[in-house]
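Work through the exercises below with the sequence and the model open side by side. Each task is followed by a solution that proceeds step by step.

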Amino acid sequence: MTTTGTAAHHEAAQRWPAVRPHLSSFDPDAFVRPVDRFVWEPVQVPYTGPESDRPLAGRRLLLVGESAGLVAAVAERLGERGALVVRSDPDTALRADGWDGIVDLNVMGSTYELGDTLWQPALTRTTEAIRSAYERWVTEPRFGRHVYLALTHLGGLAGHGEGEVPQPLGGIWAGLAKCLPRELPAAGIVVVDLDRADPASIAEAVEREYVRPEHFEVGYREGRRHVLVGHPAPLGPPDKHVPDEHAPGMHAPGKHAPGPDDTVLITGGARGVGFAAARAFAETFGCRVVVTGRGERPAADEVSALDDDGFAAWRRLRLAQGRTPRELALARREIRRAQEDRTVCRNLTGAEADGLRIDYLRCDCTDAAQVEQAFAALGDGPEFVIHNAGIDDPARFDRKTAESVVRTVDVKVTGFANLVAAVLARPERRSRLRLLSNVGSLAGRMGGMVGQIDYAAGNEALARMGFWARDNLGLPVQTLCWPTWERLGVIANYSAAVRYVSTLDPAEGARRWVEELSSGHTDEAVFLGRIGAVLAPGQLRGFGLLTGHPDLPRLHALDHHLGEVEEYEIFRSLRSTTRLRAGQHPCLSEVRVDAAPAVPVSVALEHAVAAGDWVVPEGWPLLHLRELRNLQVHLGGLRFTGEHLAMHREARGGYTDGEWCVDVTIRGAEGTDIAAVTLVYGDRPAERTRTTVPVDDGASSRPAARSGRLSWSGVVFPEKPADRSEGGLRIDLPPVEPADLWTVPFPPDPTLAPAAVEAIVREVDRHTVRDAAGTLTVRRLVLCPGAQRVEHLHATVGLDRWTGTREGVGVLLAEGVRLRD
C-alpha cells in the first residue's frame with residue numbers, strides 16, 4: 001500500500017466531499033454567501049403533549065411578572081394543577097432557591113401605550129431571575145430538567161396574521177428566550193403567545209407547553225394552537241426608475257422609492273451597516289440622507305488624519321501607556337472612540353468628495369427631545385425614517401448587569417417609540433412619512449450568538465413594535481432582519497459570528513435594502529444565508545420550521561439521528577434514545593439476525609457516528625472524521641424486541657494524544673450491548689491511498705460456511721458475486737441511494753457506503769464457523785474523502801483487511817475485521 005502524492009491528494013479531495021462535512025455548510029475562511037428572503041407565517045398544528053393528566057405536579061416554578069395581582073391569580077391556578085409556585089413580583093422579593101423552572105409573565109396583563117416604560121423593571125426582574133439560576137442551569141446536563149417559559153400577549157400569532165397586537169413589548173422576552181439555548185443548551189425553552197391575558201388561559205397554556213417544549217414559539221388564538229413557519233418570499237421586481245432629465249445620473253422615484261426631493265433619516269447611520277445603506281440610497285435615488293450619532297460631528301484631528309499604519313502605531317503606543325487596569329481600560333475606551341470618530345470622518349468626507357447628499361445630525365434616539373430637534377431641523381420631517389441605531393456589548397448573561405441589559409434594549413425600544421412620537425406630533429409629519437423601516441436582526445428572529453441575549457431581545461421587540469404601529473396606528477412600518485454584514489455593523493466578535501451563520505456581502509445587502517425601501521411593503525422580511533457549525537440540539541426546533549432553505553437536508557439529517565435527548569453537556573457529552581420500528585423504513589426490513597428482524601450493522605454504525613455531530617471541541621473547529629477505532633457490534637443486540645428497538649446512545653468526547661476522540665456506546669433494553677466505537681477526528685481528511693491487493697492466504701477459497709445468524713432479503717443490499725480470480729477477493733457493490741434506506745422528506749446521506757459495510761459483514765459471516773459469530777469487531781476503519789460512495793471492495797490478508805475503492809483510489813480501509821464469540 002502506497003500513499004499518493006500531495007497534488008493527487010488535493011485533486012481527489014476536491015472531487016469528493018470530506019468525511020464528515022456536517023460541521024458547517026460553508027468554509028469559515030470564506031464565509032460570505034448569498035442570502036434568501038424569508039417571511040414567517042403562523043400555521044395551525046395539533047397539540048401533542050405529555051401523557052400525564054397532571055404534567056405540572058411537583059414542578060417547582062418561579063413565577064415572574066410586573067402585575068402582582070396577575071401573578072397571584074396565575075400562581076393559584078398553577079397550584080391547583082399540582083405545581084409548587086414561588087412568586088417574584090413588585091410585592092415579593094426574588095428567592096434565589098427553591099425552584100427549578102421559570103414562568104415569565106413579564107408585562108402580561110397590560111396593553112401597550114406609546115412610550116410605556118413598564119418593560120424596564122420587568123426586564124430587570126427577568127434578568128435577575130435568570131442570573132440567579134444561571135450557574136445551576138449551565139452545569140445541569142439533564143436535557144429539559146430546567147425550563148424557561150415566557151408568556152407574551154401579541155395576539156396569539158406572535159404578532160403575525162390579522163388583528164391588532166395588544167402588547168408588542170412581549171417581543172423583548174421572545175427574543176431573549178430564543179437566544180438562551182446558546183448559553184444554556186440543556187435547558188428547555190419556549191415562548192407561548194396568547195390572545196387572552198386572563199389567569200385561566202395562562203395556566204392552561206403553561207400546563208400544556210412547559211413539559212418537553214417542542215417548538216421555540218407557540219401561539220394560541222381562539223383556542224387553536226399555532227407555530228411559526230418560515231418560507232422563501234422573493235420580493236419580486238422592484239419599482240422601475242426612469243432617468244431624471246433635471247439630475248443626470250439620478251433617477252426619478254417610482255411609486256414608493258425616494259426621489260431627489262425626499263429626505264431619508266437614518267438613526268445611528270454614520271458608520272457600519274447604516275452608512276452602507278446611506279450611500280446606497282444617495283447613489284441610487286439622488287435623495288438627501290441624514291445620518292445621526294449620539295455626539296456632535298467629529299472634527300478632524302491628528303489621530304483621525306492618520307493612515308491605517310499610523311493609527312495602528314498610535315493604538316499600540318496608547319495601550320503601552322496604560323500602567324494600571326484603570327489606565328488600560330481608559331486607554332481602550334479612548335481608542336474605541338477614536339476609531340469610531342475616525343470612521344465617521346472618513347465616511348462623511350468621502351461622501352462629500354463623491355458628490356453625495358449625506359449630512360450628519362446629532363441625535364441620541366433614546367432622548368425624546370433630541371429626536372424632536374432632529375425632526376424640526378428637517379422642516380416638515382423626513383419622508384423615510386430608518387431606525388438603525390443599536391449597541392452590542394457581548395458577554396455571557398451571567399456577567400451582564402440588569403442596567404446594561406436594559407440599556408441595550410432601550411436603544412431599539414425607546415428609540416422606536418420616540419421616532420413614532422415625533423411623527424405623530426404634527427399632522428404634516430404623519431402625512432409626509434412614506435415609510436418607517438426598522439433594522440432588526442437574525443439574532444431576534446432565530447437566536448443570536450453567545451453574549452447576544454439582550455441584543456436579540458431588543459431586535460425582536462422592534463419587529464413586534466413595528467406590527468403594533470402598523471396595525472394599531474396605521475403607520476407604514478417594515479422590519480428587515482439582517483445577518484452579519486461582512487466586516488460591518490455593531491457585531492463586536494466577528495470571528496465568532498461567522499461560526500453561527502454565513503455573512504452578507506455589503507454590496508448585496510445595499511442592493512437588497514434599496515429594493516426593500518422601494519417596495520414600500522409593511523411586513524417583516526428575514527434575510528438568511530447558510531447555517532454554520534454552532535448548533536445545540538434544542539435549536540433544531542427553531543431551524544426545523546423552515547421550508548425552502550438549502551441547508552434543510554443537513555438540518556433534517558442531524559435531527560433524523562438525534563433522537564430524544566436526555567443529557568447534553570456542550571463540548572463534552574450527549575445521551576439520547578432513538579426508537580426504531582421494524583419495517584418503518586426500507587433498511588429496517590432488510591436484515592435478520594437469528595431469523596428475527598434486526599437493524600443493519602451499517603445503520604447502527606451511522607447512528608453511532610451521528611453522535612459526534614454534537615460532541616465537538618470548544619470553539620467548534622472544522623474537523624473531519626478520519627477513522628473509527630475498536631468498533632464492536634453485538635449482533636444479538638440488533639434484533640427488534642417485538643416490533644421495536646430502543647437504542648440508548650451515550651457519547652463522550654475529549655482529546656487523546658492530541659486527537660479529538662468521541663467514545664460512543666449504544667445499548668438496548670435492560671442495558672444489552674449493541675455497539676461501541678471510538679470516533680477519531682482531525683483538522684484535515686484522512687489521506688487517500690492507492691492499494692494493491694496481495695494474494696489471499698487461502699481464506700477466500702475456503703468453502704462457504706455461513707454462521708447461520710445473519711441473512712439479507714437482498715432488496716436494499718442485493719448480493720453481488722465475489723470475484724476471486726485475482727487471488728484476492730473483489731466485490732462490485734450495487735449503488736445504494738439514501739432514499740433506498742429511509743422514507744423521509746430529506747433522506748440523510750451516509751457517512752460511509754452502507755453497501756460496503758453490509759458486504760463486509762456478509763463476507764465475514766460467510767467465512768465464520770457456523771453458530772460461532774456473536775460480535776463483529778473492527779480494529780480500525782479509516783475514512784477518506786469519497787467513503788460515502790464506495791464502488792469496489794478488496795479483501796486482503798485472509799479477510800482481516802478490507803479496502804474500498806472508487807475508480808482505483810482507496811477511500812475506505814478496514815483492518816482487524818472479525819466475527820467472534
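**Exercise 1.** Determine whether H226 is buried or exposed, and describe its surroundings.

*Solution.* H226 counts as buried because its relative accessibility is 12%, where buried means under 20% relative accessible area, exposed over 50% and partly exposed in between, with a 1.4 Å probe and protein chains only. The next step is to place H226 in strand 9 (residues 224-232); helices (H or I, at least four residues) and strands (E, at least two) are DSSP runs, numbered from the N terminus. Leaving aside residues up to four places away in sequence, H226 touches P42, V43, Q44, V45, L157, E217, V218, G219 and R221, a contact being heavy atoms within 4.5 Å. Finally, a polar atom of the H226 side chain lies 3.0 Å from the backbone oxygen of R224.

This is a predicted model, in which local features need pLDDT of at least 70 and side-chain atom pairs count only at pLDDT 80 or more, while totals for chains, interfaces and linings use all residues. Residues are numbered from 1 along each chain as its sequence is written, and side-chain values use heavy atoms, with hydrogens and water left out.

**Exercise 2.** Establish how many disulfides the model contains, and examine C365.

*Solution.* With a disulfide taken as a pair of cysteine sulfur atoms within 2.5 Å, the count comes to zero. For C365, the closest cysteine sulfur is that of C363, and the separation of 6.7 Å is too far for a bond. C365 is nevertheless buried, at 4% relative accessibility, and C179 is buried too, with a relative accessible area of 0%.

**Exercise 3.** Locate the bend in helix 3 and identify what covers its buried residues.

*Solution.* Helix 3 (residues 119-138) bends by about 35° at S132, the bend being the angle between axes fitted to the seven residues ending there and the seven starting there. Its buried residues include W119, L123, I130, Y134 and W137. Among the elements that cover them are strand 5 (101-106), helix 4 (170-179) and helix 10 (402-424).

**Exercise 4.** Find which residues touch the most other members of the largest nonpolar core.

*Solution.* A nonpolar core is a set of buried Ala, Val, Leu, Ile, Met, Phe, Trp, Tyr and Cys residues joined through side-chain atoms within 4.5 Å. In the largest, of 79 residues, L628, L638, V664, L679, L781 and W802 touch the most other members. Helix 20 (residues 754-766) gives the most to this core, with seven residues. A second, separate core of 68 residues includes W99, I102, A443 and A456.

Notes. A polar contact is a pair of N or O atoms within 3.5 Å; within protein, one must be able to donate a hydrogen and the other to accept it, and residues adjacent in sequence count only if both atoms are side-chain atoms.
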